[in-house]
Amino acid sequence: MLEWLLFLGITVGGAMVPGANLAIVLRNTLNGSRRDGILTVLGLACALFIHGTLSLLGITALIQQHPSLFEIMRWFGAAYLLLIGMHQLFKRGAPSPQKATFTPGPAPFLSGLLISLFNPKVLIYFIAIFTQVIKPEQSLAEQLLYVATPALAEVTWFTLVLTLLSRPGVQRRLTGIRTALERCVGGAMVALGVKLGLG
């Protein structure tokens, strides 16, 4: 139980570190609505569950042994980050608050899923951590608990983030700086994509 609590602490801390996941949640929430933000978080959590399941099945170890597969994932993730980051940077400025209409963003669940699924850092995380905590003698229930923990930590943390973003006072402040914030998020995504592409 102590080992799982330590694992939980690591996964919560990992979820709190700003990166591509936070950027895509902010992007989809600002461009769409709180619902889009929630769908994005569910996509991120689903990707983490897939990573955990693959780690449990040993597929990530196979990717680790075949660098070409890892490189394909790295380049796909970098290209996707660059694509949505550039779109965010060069989109038209947001309409005035009087004329603003918040329409759903393009497939928020899918964008969250792809960002996390093709992030090689997440793959490395699972390879490194799961080799330490998953043991052959553990029951299936214990192993599934470890698989589900990162997804649950992600949903919990980003639910708190979305709750904060939905507060009226925060919403008013965000409305005033929305365009600048969108540009910052887009720039962060481009930077992350370049960093990811360069390794």
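Let us start inside the fold, at glutamate 154, which lies in helix α8; helices here (H or I, at least four residues) and strands (E, at least two) are DSSP runs, numbered from the N terminus. Glutamate 154 has a relative accessible area of 4% and is therefore buried, where buried means under 20% relative accessible area, exposed over 50%, and partly exposed in between (1.4 Å probe, protein chains only). Setting aside residues up to four places away in sequence, glutamate 154 touches Ala15, Asn21, Val41, Leu44 and Leu48, a contact being heavy atoms within 4.5 Å. Its C-alpha also lies 9.9 Å from that of cysteine 46, although the two residues are 108 positions apart in sequence.

Before going further, a word on what you are looking at. This is a predicted model, in which local features need pLDDT of at least 70 and side-chain atom pairs count only at pLDDT 80 or more, while totals for chains, interfaces and linings use all residues. Residues are numbered from 1 along each chain as its sequence is written, and side-chain values use heavy atoms, with hydrogens and water left out.

Now step back to the whole protein. It has ten helices and zero strands, so the order from the N terminus reads α-α-α-α-α-α-α-α-α-α. Of its 199 residues, 41% are buried. Among contacts with a separation of 6 or more, 87% join residues 24 or more positions apart.

Helix α3 is a good element to follow next. Residues 34-57 form this helix of 24 residues, and from first C-alpha to last it reaches 35 Å, close to the 34 Å expected at 1.5 Å a residue; the expected span is 1.5 Å times one less than the number of residues. Its buried residues include Asp36, Thr40, Val41, Leu44, Leu48 and His51. Which elements do the buried residues of α3 pack against? They meet α2 (20-31), α4 (59-65), α5 (67-90), α6 (108-117), α7 (120-133) and α8 (140-165). Just after α3, glycine 58 takes a positive phi of about 90 degrees.

Histidine 51, in α3, shows some of this packing in detail. Its relative accessibility is 2%, so it counts as buried. Apart from neighbours within four places in sequence, histidine 51 is in contact with Thr60, Met73, Ser116, Leu117, Val122, Leu123 and Phe126.

Two of those partners, Ser116 and Leu117, are among the buried residues of α6, along with Pro108, Ser111, Gly112, Leu113, Leu114 and Ile115. Eight of the ten residues of α6 are buried, which means that this helix is largely enclosed by the rest of the structure. The cover over its buried residues includes α2, α3, α5 and α7.

Helix α2 offers two residues to look at beside α6. Alanine 20 is found in α2 and is buried, with a relative accessible area of 10%; its C-alpha is separated by 7.9 Å from that of serine 116, 96 residues away along the chain. Asparagine 28 also lies in helix α2, and at 3% relative accessibility it counts as buried. Beyond its neighbours within four places in sequence, asparagine 28 is in contact with Ser33, Asp36, Thr40, Pro108 and Ser111. Between asparagine 28 and glycine 112, 84 residues apart in sequence, the C-alpha to C-alpha distance is 9.2 Å.

Helix α5 has 24 residues that should span 34 Å at 1.5 Å a residue, and its end C-alpha atoms are 34 Å apart, which agrees. Met73, Arg74, Tyr80 and Gln88 are among its buried residues.

The UniProt record, an unreviewed entry, annotates "transmembrane region" over residues 6-26, 38-60, 72-90, 110-131 and 143-165; positions are given in the numbering used here, feature names are shortened, and annotations may be inferred rather than shown by experiment. In the model, residues 72-90 are 100% helix and 0% strand, with end C-alpha atoms 27 Å apart. Residues 110-131 are 91% helix and 0% strand, and their end C-alpha atoms are 28 Å apart.
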